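Let's take a walk through a protein complex together. Keep the viewer open as you read, and turn the model around whenever a new part comes up.

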Amino acid sequence: MYSRNLPYLLLLPATLFLCIFFLYPFVLVAWQAFVSDTGEFTSEYFMEMATHWKFNTALTNTFMLALAVVPFQIALALYMATLVNGMKRGRDLILYVWTIPLGISDLAAGIIWLAIFEQTGFLNSMLQGLGVIEQPVGFLGYQSKGTIFLAIVLAEIWRATAIVLVILVAGMGLIPKEYYEAAEVFGASRWKQFTRITLPMLKPSLQTAMILRVILAFEVFAVVVALGGTNLPILMGEIYTWQYDLRDSSVAAAYALVVLAISIAFTLLIMWGLRTPKGARV
Amino acid sequence: MSTAAKMATGNVTGKSAWHKYVFTGAVILLCLWVLVPIYLLLVNTFSSPEDVSGFPKSFIPNIDTGSVEFFLNYAGVGQALWSSIKVATVTMILSIMAGAPAGYALSRFEFRGKETFRVLVLMTRAFPLPLLALPLAVMYLRIGLDDTVLGLALVHTMLALPFAVLITFSLFSGIPVELEEAAWTLGCNRFQAFVKVILPLVLPGITASAIFAFVISWNEVFAAAVLTIENRTLPAFLLQGLGNAPLHLKFAGGAVLVLPALLFIFLVRKYLFSMWGIANR
């Protein structure tokens, strides 16, 4: 009796926590977005959100950022992971250096890249030193949305590639060495080994990494605020504005549901796109 | 060895030497890509306030603690630092207390509902968790948890809990159940066996997972900014100051945010992989 109930007893705190602080709040946020103060169903908050002039811009910017950042990150992390795997000495040190950004918050990453891109920053100093420019350029001014976007993309790639790298290195460690030895015997080139063994065997890890990264990409917030202020509206920034500055948690909740819907849609899409057939798992 | 064979090997070593240069070059370049931006932040941090907003900028700091002193004496910074530490510590304790038992149960028992729980934990990854702050802000107002350390720590625990469960699960799975069984046959009950045999073995890993929870909370911005007003944590405080604070305040603040995180990641580097490796299956 004691032993049979023990696992449930051990799971109780975590389960309670997940119910109260994960499942219940997501029900609550839907309630906030769809139910008016008088307790009736309403689409008024969604209308208010969708007709606001910033909504389309924020939605487009968020999508564009994700599109510019995530594929590049996956490719870069794949490359870094193969480099790490081909290493005989110093593997641990290099891996530590490359995973440093894992401990750096998005806000700190934004501030770090601000040091480079701001008007009196290091990029301007370097360009002037090289004689390319005479006066410092305002890379992050309200008129230069292009360079703001680029700075955010760089900061995001800098900060969040590490998480993909860790997942992929762990995944590569699971691939049996015999497969490569066999490929070697049959004279397969490095590239062929990569496309025919590594990539297919890495599917589950790629799936995990992509889901995580895509979700985080749609959550992008502090990097954008640090580098662009309000010049480049994004979804999380709008949520923060509606919730904190405009004190309208219903419209904020409507925005939240949009982010939620996008996240779930992409998770399902990635799960389907990178599914591993049963029996093909290691 | 014939000349042809010699030429062939020569060719091969020539090609692999070329490979080696590209390889080493790429590794060094990628290390610089990670390290140089952090170095530049530190240059700004250890320059005088005048140098930080001066132009052109020197790439070598003149080691001046003016910016750091200004930051530390700035109104609200001490309070924000203290709030950050309090929230992160509570997060650390809560996530281990709830996560470790769950990790142990998953690694040692077969029971109905195990798969459901695992799916629930993994599902948290497909959800943008900072959004939880919105409904919770309303809920907290009702139950009096608004703008409190505990209220924010509970949200951060939600962020850290899935990691705590997965790390402890992989830690406990790595310890043979036979060790526990041996302790039982020698007269220990389940609890004694756990405390005397298992706990010493997993303690370093548990510590690492606690540190990781601390870092998650220390770095979190969105929920902290939404849920606190008086008790702002350091990231929330800095976020609010982004618009109008002087440059040297931002950079010194950024450095204070980064440095402990660097140290923590160094301490837990051995365990980074057990967080993700196991979750792939």
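Start with one idea that will help later on: a residue counts as exposed if 12 or fewer other C-beta atoms lie within 10 Å of its own, as buried if there are 20 or more, and as partly exposed in between. Keep in mind, too, that this is a predicted model.

How much confidence does the predictor have here? For the complex, it gives an ipTM of 0.87 and a pTM of 0.88. Zoom in on chain B and you get an average pLDDT of 85, with 92% of the residues scoring at least 70. The pLDDT of residues 1–12 of chain B is below 50, and this stretch has one contact in the model beyond near neighbours in sequence. Residues 277–281 of chain B also stay under 50, though the model has eleven contacts for them beyond four places in sequence. Between the helices of chain B, confidence is highest in helix 4 (residues 77–108), at a mean of 93, and lowest in helix 13 (residues 272–277), at 63. Where pLDDT is low, the predicted coordinates should not be read in detail.

Now for the overall build of chain B. What is its secondary structure made of? There are 13 helices and zero strands, so reading from the N terminus you meet one α element after another. Its C-alpha trace spans about 80 × 70 × 35 Å along the principal axes. The radius of gyration is 25 Å, while the globule rule gives 19 Å for 281 residues, so chain B is more spread out than a compact globule. Of those 281 residues, 43% are buried. Among contacts in chain B with a separation of 6 or more, 75% link residues that are 24 or more positions apart.

Chain B is divided into two pieces: domain 1 (3–66) and domain 2 (69–280). The centres of these domains in chain B are 34 Å apart, taken over C-alpha atoms. Where do they touch? Ten residues of domain 1 of chain B are in contact with nine residues of domain 2 of chain B. On the domain 1 side, helix 1 (3–45) and helix 2 (49–52) of chain B are the elements that give two or more residues. Helix 1 of chain B gives the most, with five residues. That side of domain 1 has five nonpolar residues, five polar ones and no charged ones.

Next, bring in the other chain. In the contact between the two, 75 residues of chain A meet 77 residues of chain B. Helix 1 (residues 2–34) of chain A gives the most to chain A's side, with 14 residues. The make-up of that side is 54 nonpolar, 19 polar and two charged residues.

Time to look inside. The largest nonpolar core has 168 residues, and those with the most contacts inside it are A:Leu227, A:Tyr255, A:Ala256 and B:Ala133. Helix 7 (residues 149–173) of chain B provides the largest share of this core, 17 residues. Both domain 1 and domain 2 of chain B are represented, with at least three residues from each. Pick out A:Tyr255 for a moment: leaving aside its neighbours within four places in sequence, A:Tyr255 is in contact with A:Met49, A:Leu235, A:Glu238, A:Ile239 and A:Trp242.

Finally, visit a few loops. A:Arg247 lies in the loop between helix 12 (235–245) and helix 13 (249–273) of chain A. Is A:Arg247 buried or exposed? A:Arg247 is exposed, because it has 8 other C-beta atoms within 10 Å. Its phi is near 55°, a positive value in a residue other than glycine. B:Asp147 also has a phi near 55°, and its place is in the loop between helix 6 (133–143) and helix 7 of chain B. B:Asp147 has 16 other C-beta atoms within 10 Å, so it is partly exposed.

One more tyrosine rounds off the tour. A:Tyr142 is found in the loop between helix 6 (122–129) and helix 7 (145–172) of chain A. With 12 other C-beta atoms within 10 Å, A:Tyr142 is exposed. The C-alpha atoms of A:Tyr142 and A:Ile234 are separated by 15 Å, and the two residues are 92 residues apart along the chain.

Notes
Residues are numbered from 1 along each chain as its sequence is written. Chains are lettered from A and ligands numbered from 1 in the order in which they are written. This is a predicted model: local features need pLDDT of at least 70, side-chain atom pairs count only at pLDDT 80 or more; totals for chains, interfaces and linings use all residues. pLDDT is the predictor's confidence in each residue, from 0 to 100. Helices (H or I, at least four residues) and strands (E, at least two) are DSSP runs, numbered from the N terminus. Two residues are in contact if their C-beta atoms, placed from the backbone, lie within 7 Å. Domain bounds come from an automatic or database domain assignment. Ala, Val, Leu, Ile, Met, Phe, Trp, Tyr, Cys and Pro count as nonpolar, Asp, Glu, Lys and Arg as charged, and the others, Gly among them, as polar. A nonpolar core is a set of buried Ala, Val, Leu, Ile, Met, Phe, Trp, Tyr and Cys residues joined through C-beta atoms within 7 Å. The radius of gyration is taken over C-alpha atoms; the globule rule is 2.2 Å times the number of residues to the power 0.38.
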